Amino acid sequence: NNKPITKPTPARQLAIRREDYTKRLDKQIESLTLNFANILKAAKVAETSYQNVSDNVQMENYTDNLISSGETLLVMIYELKQAIILNDFEGRRLETAAMRDKFYDAEKQSELQIYKLQREVDAALLELEDVYHSSIVEK
């Protein structure tokens, strides 16, 4: 078997990662529900104090497992958010295009305002020149 080792396509890599995350999520959610159910079972008051102590130890163990599963889920949520933010190339492209269009529009508005100001200044200078020339002629 001298088959060349081929690297999975990006789409296949994404599918593999999605399956892995789904399995991890299912495992952690199952752990959360199982530990919560076990805490509820252990929370009932027993007839003997020995059994109460044993149940308390079990409850602590289930609680630790519940917290661990919750923390793992929070880490996974953070990882998913980062993956979405960093790998959302289409979203970044659209965002960049929207910003480019916004700045292009702002540039056009600025150019229009500058052109209007230039016309006003030209008109004011012509008026001043006329007033100046007419004052020289009157003297």
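Here is a friendly exchange about the largest pocket and the salt bridges of this predicted model.

Colleague: Happy to dig in with you. Which residues line the largest pocket, and what makes a residue count as lining?

Modeller: A lining residue has an atom within 4 Å of a pocket point. Those that do are L14, R17, R18, Y21, E79, L80, A83, I84, N87 and F89. Two elements, α1 (10-42) and α2 (49-87), each give two or more residues to that lining. The most comes from α2, with five residues. As for the space inside, the largest pocket holds about 300 Å³.

Colleague: What makes up that lining by class?

Modeller: Six residues are nonpolar, one is polar and three are charged. Tyr and Phe count as nonpolar, so Y21 and F89 go into that group. Arg and Glu count as charged, so R17, R18 and E79 go there.

Colleague: E79 also turns up in a salt bridge, I believe. Why is its contact with R24 called one?

Modeller: The cut-off is 4 Å between a side-chain nitrogen of Lys or Arg and a carboxyl oxygen of Asp or Glu. For E79 and R24 the closest N and O atoms are 3.7 Å apart, so the pair qualifies. E79 sits in helix α2 and R24 in helix α1, so this contact ties together parts 55 residues apart in sequence.

Colleague: Nice. How do you know whether E79 and R24 are buried or exposed?

Modeller: Buried needs a relative accessible area under 20%, and exposed needs over 50%. E79 has 29%, so it counts as partly exposed. R24, at 30%, is partly exposed as well.

Colleague: How many salt bridges does the structure hold?

Modeller: There are three. Another is R100 with D101, where the closest N and O atoms are 3.5 Å apart.

Colleague: What makes R100 exposed and D101 partly exposed?

Modeller: R100 reaches 54% relative accessibility, which is over 50%, so it is called exposed. D101 has 40%, which falls between the two cut-offs, so it is called partly exposed.

Colleague: And why does K108 with E111 count as a salt bridge?

Modeller: Their closest N and O atoms are 3.6 Å apart, so the pair is within 4 Å. Both residues lie in helix α3 (residues 89-138), three residues apart, about one turn of the helix.

Colleague: How accessible are K108 and E111?

Modeller: K108 has a relative accessible area of 38% and is partly exposed. E111 is partly exposed too, at 41%.

Technical notes: Residues are numbered from 1 along each chain as its sequence is written. This is a predicted model: local features need pLDDT of at least 70, side-chain atom pairs count only at pLDDT 80 or more; totals for chains, interfaces and linings use all residues. Side-chain values use heavy atoms; hydrogens and water are left out. On a 1 Å grid over the protein atoms alone, a cavity is a set of points where a 1.4 Å probe fits but cannot get out, and a pocket is an open set with protein on both sides within 12 Å along at least five of seven lines; lining residues have an atom within 4 Å of a point. Grid points are joined across faces, edges and corners, and a volume is the space filled by probe spheres set on the points. Helices (H or I, at least four residues) and strands (E, at least two) are DSSP runs, numbered from the N terminus. Buried means under 20% relative accessible area, exposed over 50%, partly exposed in between (1.4 Å probe, protein chains only).
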